[in-house]
Amino acid sequence: MADTNTERDVNPRSQPAEKTLADFDPPEKPKRNKFALACAILASMTSTLLGYDIGVMSGASIYIKDELKISDVQVELLAGLINIYSLVGSAAAGRTSDWIGRRYTIVVAGAIFFVGALLMGFATNFSFLMVGRFVAGVGVGYALMIAPVYTAEVSPASSRGFLTSFPEVFINTGVLLGYVSNFAFSKLPKNLGWRFMLGIGAIPSVLLALMVLLMPESPRWLVLQGRLGDAKRVLDKTSDSKKEAQERLADIKSAAGIPLDCNDDIVQVEKKSHGEGVWRELLLHPTPSVRHIFVCVIGIHFFQQASGIDAVVLYSPRIFEKAGITSDNDKLLATVAVGFAKTIFILVATFLLDRIGRRPLLLSSVGGMIFSLAALGFTLTLIDHTKEKLTWAVALSIAMVLCFVGSFSIGMGPIAWVYSTEILPLRLRAQGASMGVAMNRLMSGLISTTFISLYKAITIGGAFFLFAAIASVAWIFFFTCLPETQGRTLEEMEGLFGNFIKWRSVLKEKKLKQQQQQQQQEVEEGNDGKSRADEN
């Protein structure tokens with residue numbers, strides 16, 4: 001009997017037959033990891049704070065302007081400077097998260113925003129209100145940087161696109177809640193309505209900070225602190241299988257410079273694990289792959305905001321007014337429709353990221369943005385130059401605003417956060433991501449603080465033609481410089497970059513070499529099997 005088993009083990013005919021039959025079976029799709037899903041949701045809910053603040057200010061500014069008697073320039077500063085203020089938070093968040101961990105950095109973000117929301121709710125004049133905006137902006141900067149970083153680091157490769165898009169989902173949810181808050185509190189007296197709109201944001205920030213304490217720490221941060229045992233326990237819970245957990249731990253240890261055979265719960269790691277030396281490697285002496293990655297991170301965040309999304313979200317009541325809607329109630333209702341469109345399309349995007357891939361979704365999204373911006377510019381220009389009310393042009397303007405936010409949300413919105421966090425190497429991720437967020441907030445602040453002045457200078461139609469031109473440049477940049485990252489582990493990313501526009505030919509060469517190595521390995525295995533059969 002033993003001889004029969006031995007013969008079966010070495011029989012070269014039986015093994016290929018079993019392998020061939022297995023090849024016909026469809027690959028088993030891993031089930032969604034519920035623990036990783038819960039962690040991603042809790043972390044990403046912090047992004048609701050930014051969305052709520054942007055959405056609520058679009059309607060609240062109407063009543064603030066009437067009560068505090070402020071000018072259009074002051075309205076621009078009030079609405080847009082929070083994005084500049086958030087630079088402080090996003091710049092500090094990278095170093096803070098390297099020191100105290102990703103989880104406690106999220107708690108810090110909620111605490112800071114809580115103070116800012118209270119200050120805005122109790123503001124008695126414009127200066128007091130701006131102080132509250134500054135504090136809230138710092139909290140927003142912290143939340144924007146840390147939520148996608150934590151989610152990317154805790155997610156398995158099979159669902160990383162889905163989970164890492166959650167921050168954008170909750171930004172859109174926050175925008176919608178802000179619009180709904182505008183409509184709900186607009187019935188109150190003007191001196192109370194806008195204060196409730198702004199101050200009510202303090203409540204979710206406290207709840208979010210408390211819920212985040214239930215989450216585990218990022219396994220990659222734990223490894224950087226030498227806490228291998230804790231990291232292994234988190235990876236076991238957030239991976240699709242035990243084997244994947246072991247592979248992820250091995251990849252992270254390799255990236256952190258820890259020997260693969262080291263299995264101690266606590267090990268001594270280099271001092272740079274707290275973030276020292278990162279700026280030198282990122283800015284002063286980058287490798288070709290790091291330089292390419294950094295350009296992609298900065299570029300995708302630049303174009304996400306330079307294409308005008310915050311101008312549309314913040315000033316949608318004014319855009320609808322220019323289109324011919326005069327009633328405040330109707331303008332706020334139209335902005336609620338914008339919030340619904342953004343939220344619905346971002347939910348669709350979360351399910352497409354890991355199926356279609358980053359590049360096809362991003363390029364399709366930007367193409368839709370170019371079309372809708374150009375069409376919106378045309379209709380608003382036509383309305384501007386026509387004395388009679390054109391009902392079809394008003395309807396088309398509203399439709400193009402909805403088309404623009406939908407196109408943005410299905411690709412450009414979530415992919416900017418997903419892509420920029422997943423391509424950065426582990427040692428550079430926190431502070432590299434913070435620089436991407438800094439560019440994002442800088443451009444958002446520039447657009448939102450100058451939009452009213454811009455459309456007064458070149459007409460509102462001209463402003464949207466300008467955004468369409470910027471989106472066209474973005475499409476070319478994304479097509480030429482951004483490789484596909486779908487299905488890659490975070491530790492594999494660096495190998496995709498380093499050649500800028502020549503990345504396609506390099507990837508083809510690598511794929512050809514892999515195929516040749518696989519064929520050679522199969523030939524060697526076949527020869528070994530034949531030799532064993534001859535011996536038997």
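Is Phe479 buried or exposed, or does it fall in between? The model you are looking at is a predicted one, and in it Phe479 has a relative accessible area of 36%, so it is classed as partly exposed. We will come back to this residue once the overall fold is in view.

Let's begin with the whole chain. The protein chain holds 24 helices and zero strands. It has 536 residues, and 54% of them count as buried. If you take the contacts between residues at least 6 apart in sequence, 83% join residues at least 24 apart. On the outside, the chain exposes about 23400 Å², with carbon and sulfur atoms supplying 63% of that area.

One stretch also has an entry in a database. UniProt, in an unreviewed entry, lists residues 228–255 as "coiled-coil region". In the model, this stretch is 89% helix and 0% strand, and its end C-alpha atoms lie 14 Å apart.

Now to the aromatic rings. A search of the whole structure turns up twelve aromatic pairs. One of them joins Phe302 and Phe303, with 5.0 Å from centre to centre and 80 degrees between the planes, an edge-to-face arrangement. These two partners are not covered alike: Phe302 is partly exposed because its relative accessibility is 29%, whereas the cut-off for buried is under 20%. Phe303 has a relative accessibility of 11%, so it counts as buried.

Set beside that the pair to which Phe479 belongs. The ring centres of Trp475 and Phe479 are 5.3 Å apart and their planes meet at 5 degrees, so this pair is stacked. Where do Trp475 and Phe479 lie? Both are in helix α23, which covers residues 460–481, and they are four residues apart, about one turn of the helix. Trp475, at 30% relative accessibility, counts as partly exposed, and Phe479, at 36%, is partly exposed too. Why quote two numbers for each pair? A pair of aromatic rings is described by the distance of the centres and the angle of the planes.

Rings can also join up beyond a single pair. Tyr315, Phe451, Tyr455, Phe464 and Phe467 are linked into a cluster by ring pairs.

Finally, there are rings that meet a charge. Arg103 lies over the face of Tyr104, at 4.8 Å from the ring centre. Similarly, Lys187 places its charged end over the ring of Phe183, 5.2 Å from the centre of that ring.

Terms used: Residues are numbered from 1 along each chain as its sequence is written. This is a predicted model: local features need pLDDT of at least 70, side-chain atom pairs count only at pLDDT 80 or more; totals for chains, interfaces and linings use all residues. Side-chain values use heavy atoms; hydrogens and water are left out. Helices (H or I, at least four residues) and strands (E, at least two) are DSSP runs, numbered from the N terminus. Buried means under 20% relative accessible area, exposed over 50%, partly exposed in between (1.4 Å probe, protein chains only). Contact means heavy atoms within 4.5 Å. Accessible areas come from the Shrake-Rupley method with a 1.4 Å probe; for residues, only the protein chains shown count as cover. Rings of Phe, Tyr and Trp (its six-membered ring) pair if their centres lie within 6.5 Å; planes under 30 degrees apart count as stacked, over 60 as edge-to-face and the rest as tilted. A charge sits over a ring if NZ of Lys or CZ of Arg is within 6 Å of the ring centre and within 35 degrees of the ring normal. UniProt positions are given in the numbering used here, feature names are shortened, and annotations may be inferred rather than shown by experiment.
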